[in-house]
Amino acid sequence: MMKRLFLMLLVAFVCSANADAQGWLGRLKDKAVDAAKRTVENTVEQKTQEAVNDVLNPKSDKKSKAGKDATDVADAGEADPTTATSSDFKRGSVILFQDDVTAEQVGEFPSKWDLFQGTVETKTLGGVKAINLTDNAQVQPLIEQQGAYLPEEFTIEYDFYYWPTTSVPGNDGIGLNDMKLILAVTKDRSDFPGEGYDSGDLTAFVLKHGVCDTKEHGYTFNGNKEGGFDYSFKKGWNHVALSFNKRALKVYFNDKRVVNLPRVNQPTWLCFQVPFEYINLTFIRNVVIAKGAVALYDRNAQDVSAVEKAIQETGKFVTNNILFDTGKATLKQESMIEIMRVADYMKKNPTARFEVQGHTDNQGSDKINDPLSQQRAEAIVKALEGLGVDGFNLKAVGKGSHEPVADNKTEEGRAKNRRVEFIKR
């Protein structure tokens, strides 16, 4: 009787355990199915996003697992070892022309430009507005004054988007030196001066760099003299800068100096050209023309720096070369060159105290400009502290537009008013 009772209890326990096990296995199965379902959904979502990214940003290497978005600034390309790589570029102190395209309407001709021929309109590339040039487009900045406007010392900067040939479907084999920056020597800005090789004495300098697949770039100067150099761009936005000082001309790709000519004829005005009918391929943005340039002989720099000399003579250092994103207190990368000069002086004079003043032009209301100038001054102080300057010696002060040094009715005057002053206290 006891054995039978024991066996009955044992069978009941086993059945109960089996039921629990089946329930547990069932729940495990359900979880596994849910997990597999989520994995499939995530994979589909990931593949969909990758497909979208491929449209916005075609990969130059199909084997690559990652690619940069079109809005990313490309890494600096690698210049040939024999090419000079000095990064002594310094933007001119007075802005003569500037267009970041952000205020333009997509699909319309950019309002700050004038057209010789071709098709030019504002488009977006990866969500960023830019100027698209097609149909052998030839354009120049819309400068109100007649005739020559480039001074004896000036700088030119712009960004362009570089596409390796393999990332442009249906366009294999195109694009050798197809982007041209042309510096003319004539006073008549109504006629296109030509591409350089066949322009006779109409051009001082013509820079030709590739849109697709090339590291061999060329230039002409003083009408028909030729030169060239090697430089490999990487896909994405690349920065081009040019400095002219009375006769010396330098060109920089992504802060690397690639051209250094000792004697070039005085340019008078500039234009851009893109030959052939490239569609949705050639884009430029952030064009800046400024008065002032890299000193002729930086290698023979004086013992007293510009910062130290200005403070010794006037008690302050004033600069227009510390720049911010429009309407923000975010420092542009190129501003760090000037900030580092100031930091070097302050670290050599560790007991000197300074008031860092931010000034704006009168565009916008005081309600916006006053706090913005304060925030920008604070951003500069923070940058100086990051370079080793003792923050105890620095005081940020926003002056807004209340202390202009030039007429706010002209762009040149407004450019002078947008400044930073380091005042010794």
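This is a short talk on how one protein chain is folded in a predicted model.

Let me begin with the chain as a whole, and then move to one sheet, one helix and a few single residues. The chain has 425 residues, of which 42% count as buried, and along it there are five helices and 18 strands. If we take the contacts between residues with a separation of 6 or more, 71% of them join residues that are 24 or more positions apart. The chain exposes about 22700 Å², and carbon and sulfur atoms supply 51% of that area.

Now to the interior. In soluble globular proteins, nonpolar side chains tend to be buried together. Here the largest nonpolar core has 48 residues, and those with the most contacts inside it are Tyr158, Phe205 and Leu242. If you would like one residue to look at in this core, Phe205 is a convenient choice: leaving aside its neighbours within four places in sequence, Phe205 is in contact with a list of residues that includes Leu181, Ile182 and Leu183, then Tyr219, Thr220 and Phe221, and further along Leu242, Leu249 and Val251. There is also a second, separate core, which has 23 residues, among them Val307, Met346, Val356 and Ala383.

Let me turn to an open sheet of four strands, whose order is β15-β18-β16-β17 and whose pairing is mixed. The edge strands are β15, residues 316–319, and β17, each of which pairs on one side only. Neighbouring strands of this sheet are turned by 15° against each other on average, with direction ignored. Helix α2, residues 306–314, packs on the sheet and touches β15, β16 and β18, while its direction makes about 125° with that of β15.

Within the sheet, I would follow strand β18 from one partner to the other. On one side, β15 and β18 run antiparallel and are joined by four bridges; Lys316 has Ile423 as its bridge partner in β18, and Val318 has Glu421. On the other side, β16 and β18 also pair in the antiparallel sense, over six bridges, and here His359 stands opposite Arg419 of β18. How many of the six residues of β18 are buried? Five of them are, so β18 is largely enclosed by the rest of the structure.

The next element is helix α4, residues 366–386, where we can check the length against expectation. At 1.5 Å a residue, the 21 residues of α4 should span 30 Å, and the end C-alpha atoms are indeed 30 Å apart, which agrees. An α-helix has 3.6 residues a turn, so residues three or four places apart point the same way. With that in mind, look at the buried residues of α4, which include Asn369, Leu372, Ser373, Arg376, Ala377, Ile380, Ala383 and Leu384. What covers the buried residues of α4? The cover includes helix α3, residues 336–348, together with the strands β16, β17 and β18. Just after α4, Gly388 takes a positive phi of about 100°.

One contact between this helix and the sheet can be described through Gly398, which is found in strand β17. The C-alpha atoms of Gly398 and Leu372 are separated by 7.5 Å, although the two residues are 26 residues apart along the chain. Leaving aside neighbours within four places in sequence, Gly398 is in contact with Gly358, Ser373 and Gln374. With a relative accessible area of 26%, Gly398 is partly exposed.

I will finish with two residues that have a positive phi although neither is a glycine, namely Lys246, at about 65°, and Asn254, at about 50°. Lys246 is placed in the loop between β10, residues 236–245, and β11, residues 248–253, whereas Asn254 lies in the loop between β11 and β12, residues 256–261. Are these residues buried or exposed? Lys246 has a relative accessibility of 45% and therefore counts as partly exposed. Asn254, with a relative accessible area of 9%, is buried, because buried here means under 20%.

How values were computed:
Residues numbered from 1 in each chain as written. Predicted model: local features only at pLDDT ≥ 70, side-chain atom pairs only at ≥ 80, totals over all residues. Heavy atoms only, no water. Helix = DSSP H or I, 4+ residues; strand = E, 2+ residues; numbered from the N terminus. Expected span 1.5 Å × (residues − 1). Buried < 20%, exposed > 50% of the residue type's maximum accessible area, 1.4 Å probe, protein only. Contact = heavy atoms within 4.5 Å. Core = buried A, V, L, I, M, F, W, Y, C linked by side-chain atoms within 4.5 Å. Areas by Shrake-Rupley, 256 points an atom, 1.4 Å probe, with all protein chains shown as cover. Pairing = 2+ DSSP bridges. Axes fitted to C-alpha atoms, helices over the stretch in contact; angles between N-to-C directions.
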